[in-house]
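Please open the structure in your viewer and keep the selection panel at hand. The stops below go from the backbone to the open and enclosed spaces.

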Amino acid sequence: MSEEAAGLRLTIDLAALAGNWRRLAGLVRPAECAAVVKADAYGTGIAAAGPALAAAGARTFFVALPEEGAALRRALKRSAAPDAPIYVLNGFFPQAAPLYGENRLFPVLGHPGELEQWTAWQGREEAALHVDTGMNRLGFSEGEVESLARSGGPGKGVNLLISHLACADEPEHPINAEQLRRFAVAKALLKLPRASLANSAGIHMGADFRHDLVRPGIALYGGASHPQAVSDPVVTAEARILQVRGGHIGETVGYGACETLKRTSRIAILSVGYADGYLRAAGSSDAASGALVCIDGHLAPLLGRVSMDLIAADVTDIPDGLAAPGRWAELFGHNVDIDAVARHAGTIAYELLTGLSRRAHRRYVRAGD
Ligand SMILES: *Cc1c(COP(=O)(O)O)cnc(C)c1O
């Protein structure tokens, strides 16, 4: 989508992305800092984000799916780390085995049957093993780890042990210490060369949680992960202002007529909606206020529901001329906190970022631009 024709414009700051990675890498040394780039690098675009992270120094990558790994390998070809290990978190898909071979993708094996399938595959090279320490999502159970250890371990090529924290964003939650303890037990039983437990939030839970390799995702892309975490915004989302209209006290705005104007108002209509990934639940009504947008440094609250392709904002208090057709209103970025928008929609920044649609125009800002 060209900028001229787009309703939603995303500016992706690759220098901020690189800076976020470097800050974390410095914090966790001597542990290694990987980069989680699943879901098209959290919506930022893996073709640009992968090489930018490699240039910053990232040497280990995680994706969710084999196709994502193939796209990342293509992107890394002309980067600082063309051969960097790419781990596939959702594991080994036997029917897609050629993708793993052609792109040197290493599956993260999540159950005994999967380890068997991968072991039987001729093209196998390296893999990670996922142990479940309390999430009951992916990973070998405690009993499966014990029997694997008794039978001599996972075998050649399996060189990384991982697990995932359920409540790293709640540092005081007792499950964190319990997961750390269970991970130590699995580590001692399986004796793999390297171990990795922490995601973005886990990094801030202390050195005990960092092991050999940390796996930040959201913190690289500017989402809040922990009260102590510093992360610069990477994505600025802006919507085109289509028109500014007057509305009278007592009239309503949008579908369902669920927001009533409490004064004579000026209403800016913006070219973005839930079809672009701007979540419907972020809208406003008489019962509950919605998210804010920012026009030339001035905040403006949403009015009424989010439509498929449009939203409305109250620009009555914004100086004349700033809210004008053809100009852009920030939905989130440096002025509107992405986590605040997500909270208004009852969700998290992860969902907002990864849901941004193909319909948006994406432009990249590189270091030195
Ligand atoms: C997505 C994911 C991560 C990254 O999590 P963030 O909270 O975004 O830092 C790390 N590890 C696993 C297994 C994941 O699925």
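Helices are DSSP runs of H or I with at least four residues, and they are numbered from the N terminus. With that naming in mind, and remembering that this is a predicted model, select helix H2 and within it alanine 41, where phi is near 55 degrees, a positive value in a residue other than glycine. Most residues other than glycine have a negative phi, and most peptide bonds are trans.

For a backbone feature of the other kind, select arginine 29 and proline 30, whose connecting peptide bond is cis, with omega near 10 degrees. Proline 30 sits in the loop that runs between helix H1 (14–28) and strand E2 (32–33).

Next, show the largest pocket, which has a volume of about 740 Å³. Of the 33 residues lining this pocket, those closest to its centre are Lys38, Tyr42, His164, Asn199 and Tyr350. Where does the largest pocket lie with respect to domain 1 (31–221) and domain 2 (235–365)? Colour the two domains separately: both give residues to the lining, so the pocket lies between them. If you then display the helices, H2 (38–42), H9 (200–203), H10 (338–344) and H11 (349–354) each supply at least two residues of that lining. Colouring the lining of the largest pocket by residue class gives 18 nonpolar, nine polar and six charged residues.

Now select the ligand together with its surroundings. Around the ligand there are 13 residues, of which Lys38, Tyr42, Ser200, Ile218 and Tyr350 come nearest. Which distances are worth displaying here? Begin with the side chain of lysine 38, which has an N or O atom 2.7 Å from an oxygen atom of the ligand, and continue with tyrosine 42, where a side-chain N or O atom is 2.6 Å from a ligand oxygen. At isoleucine 218, by contrast, the atom to pick is a backbone N or O, which lies 2.8 Å from an oxygen atom of the ligand. Switching to a surface view, note that the ligand has 390 Å² of accessible area on its own, and that the protein covers 93% of this area.

Move on to the second largest pocket, with a volume of about 210 Å³. Its lining consists of 17 residues, and Glu259, Lys262, Pro301, Leu303 and Asp314 are the ones nearest its centre. By class, the lining of the second largest pocket is made up of six nonpolar, six polar and five charged residues.

The final stop is the enclosed space. Rolling a probe the size of a water molecule over the atoms shows where empty space is left. How many cavities of 30 Å³ or more does a search of the whole structure find? The search finds four, and the largest cavity has a volume of about 90 Å³. To see its walls, select the lining residues, among them Val131, Phe140, Glu142, Arg182 and Leu189. Helix H7 (142–150) and helix H8 (175–190) are the elements that give two or more residues to this lining, and H8 gives the most, with four residues. In the lining of the largest cavity, six residues are nonpolar, two are polar and four are charged.

How values were computed: Residues are numbered from 1 along each chain as its sequence is written. This is a predicted model: local features need pLDDT of at least 70, side-chain atom pairs count only at pLDDT 80 or more; totals for chains, interfaces and linings use all residues. Side-chain values use heavy atoms; hydrogens and water are left out. On a 1 Å grid over the protein atoms alone, a cavity is a set of points where a 1.4 Å probe fits but cannot get out, and a pocket is an open set with protein on both sides within 12 Å along at least five of seven lines; lining residues have an atom within 4 Å of a point. Grid points are joined across faces, edges and corners, and a volume is the space filled by probe spheres set on the points. Ala, Val, Leu, Ile, Met, Phe, Trp, Tyr, Cys and Pro count as nonpolar, Asp, Glu, Lys and Arg as charged, and the others, Gly among them, as polar. Domain bounds come from an automatic or database domain assignment. A residue is near a molecule or strand if one of its heavy atoms lies within 4 Å of it. A polar contact is a pair of N or O atoms within 3.5 Å; within protein, one must be able to donate a hydrogen and the other to accept it, and residues adjacent in sequence count only if both atoms are side-chain atoms. Accessible areas come from the Shrake-Rupley method with a 1.4 Å probe; for residues, only the protein chains shown count as cover.
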